[in-house]
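Trainee: Could you take a close look with me at one part of this model, the spaces enclosed by or opening from the protein? I would be glad if you explained each term as you come to it.

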Amino acid sequence: MKTTGIIAEYNPFHNGHKYQIEKAKELTGADYVIIAMSGDFVQRGAPALIDKYTRAKMALSCGADLVLELPALWACSSAEFFGAAGIALLDKLGIVDIVCFGCETPNLSAFHQLADFFIEEPENYRRALSTYLKEGKNFPTARALAVSDSLPDASPEVTDILRSPNNILALEYCKALRKRESSMEVLPIQRVGKNYHDTETDSAFSSATGIRKLLQQKADLNNDITSLKGQMPDVALEILEEALNCRPLLFEDDFSSLLGFQLLKEDSFSQYADVSSDLSNRIRNTRYSFSSVSSYLDCLYTKEVTFGRLSRMLFHILLGHKEKDYDIYRNLDYVPYARVLGCSESAAPIWRKLKEKSQIPLITNLPQAPQLLDAPAMALLEKDIYASRLYRLTAIQKGKKLLPDEYQQKFLRL
């Protein structure tokens with residue numbers, strides 16, 4: 001039995017994602033594909049467009065065999081932690097042979113060269129990075145410039161890797177694999193269609209960003225999403241249309257009241273993940289001008305800090321993710337359990353292998369979790385449950401329909 005792993009968000013699931021699953025099976029000869037997927041909040045620091053079970057159902061209907069939830073603490077963290085946690089989850093299952101990822105620069109030797117470089121962090125690179133940061137450049141820009149200075153003879157593919165979000169995530173997967181000395185192999189797959197940030201939806205391979213933009217425009221038009229036909233697999237679009245009959249699409253500003261209330265409760269925010277003392281002071285001094293998440297991000301923005309970090313920071317505050325949580329769970333190797341969101345009916349061999357090989361408990365039934373997990377693992381799971389309950393509460397308030405609680409939701413079998 002050969003198994004491929006993919007780390008994903010599927011926000012929402014589109015044609016490029018289906019292509020990746022099919023290509024991964026074709027190139028690796030895999031019998032099964034396991035997905036480590038973000039839950040109800042995603043890595044760019046925002047709510048997922050639609051809930052995790054709907055997104056898992058899309059993936060299972062389009063070729064995935066098992067979908068596991070990446071814990072919320074890591075799902076909306078930096079690319080480094082997101083990548084390390086995703087790789088840790090797949091690695092600890094004990095049955096994943098190859099990790100596949102989509103990228104713009106499918107040159108594996110270039111990824112390995114840069115991964116080794118960042119693991120080593122030569123002194124000349126650290127000095128150059130510090131200099132660029134002191135000049136006021138944000139971290140991604142400073143890092144790319146420091147690499148160019150430190151590797152003047154590097155191939156164009158090496159420097160290109162740092163210019164795209166998908167490449168950067170792929171690099172973090174490679175770094176994590178090298179650090180773990182994992183037996184899992186890695187396979188980059190050339191992305192097709194629009195670039196990550198492209199908002200046009202005039203292609204069968206539109207980006208998730210473009211689809212989200214179109215869905216946000218349609219959200220005020222009775223959720224008429226027929227214009228997405230051709231942008232998403234037919235079955236995924238049908239699943240999304242069905243979900244919209246009982247739950248709304250959610251966007252960052254739907255959480256404005258909850259976040260605004262949270263900002264009024266405290267005078268210091270430096271204990272939260274991704275919040276420096278300077279950013280904590282900026283929040284404290286500007287919070288009374290808060291009116292919405294999006295407008296507040298504009299208020300906080302400076303060229304030294306990316307929108308992505310600011311957005312993650314705000315949702316860490318909302319979700320109660322502390323800097324100390326990072327330290328605790330990094331020391332516990334990121335992911336101490338595998339929460340199952342759904343599986344295909346043909347995945348019975350996976351279950352048998354997981355029972356033999358998995359280093360971590362599989363959670364298929366929340367009421368049984370305390371019997372399977374120690375106290376730190378249970379505390380991390382409770383953060384996932386809290387995040388999903390905030391998401392559910394916001395969906396109920398917006399959609400005016402009662403939705404099942406986490407303890408009522410059964411994992412999917414398709």
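Mentor: When we describe a lining by class, Ala, Val, Leu, Ile, Met, Phe, Trp, Tyr, Cys and Pro count as nonpolar, Asp, Glu, Lys and Arg as charged, and the others, Gly among them, as polar. Please keep in mind that this is a predicted model, in which local features need pLDDT of at least 70 and side-chain atom pairs count only at pLDDT 80 or more, while totals for chains, interfaces and linings use all residues. Residues are numbered from 1 along each chain as its sequence is written, and side-chain values use heavy atoms, with hydrogens and water left out.

Let us begin with the second largest pocket (on a 1 Å grid over the protein atoms alone, a pocket is an open set of points with protein on both sides within 12 Å along at least five of seven lines, a cavity is a set where a 1.4 Å probe fits but cannot get out, and lining residues have an atom within 4 Å of a point). The second largest pocket has a volume of about 220 Å³, a volume being the space filled by probe spheres set on the points, which are joined across faces, edges and corners. Around this pocket you will find Asp51, Tyr53, Thr54 and Lys57, then Ile239, Glu242, Ala243, Cys246 and Arg247, and finally Gln409 and Leu412. Two or more residues of this pocket's lining come from each of α2 (52–61) and α11 (234–243), where helices are DSSP runs of H or I with at least four residues, strands are runs of E with at least two, and both are numbered from the N terminus. Sorted by class, the lining of this pocket holds five nonpolar, two polar and four charged residues.

From the open space we can turn to the closed ones, for the structure holds two cavities of 30 Å³ or more. The largest cavity has a volume of about 140 Å³, and of the 14 residues that line it, the closest to its centre are Asp40, Arg247, Arg392, Pro404 and Glu406. Arg247 is therefore a residue to look at twice, if you compare this list with the lining of the pocket, as both name it. Helix α2 and helix α19 (375–399) each supply at least two residues of the lining of the largest cavity, and α19 gives the largest share of it, four residues. By class, this lining has four nonpolar, two polar and eight charged residues.

The second largest cavity holds about 30 Å³ of space, and its lining is made of Gly39, Asp40, Phe41, Glu69, Ala72, Asp384, Ala387 and Ser388. Asp40 belongs to the lining of each cavity. Here too α19 gives the most, this time with three residues, and the classes come to three nonpolar, two polar and three charged residues.

To place these spaces in the whole, note that the chain has 19 helices and ten strands, and that its C-alpha trace spans about 55 × 50 × 50 Å along its principal axes.
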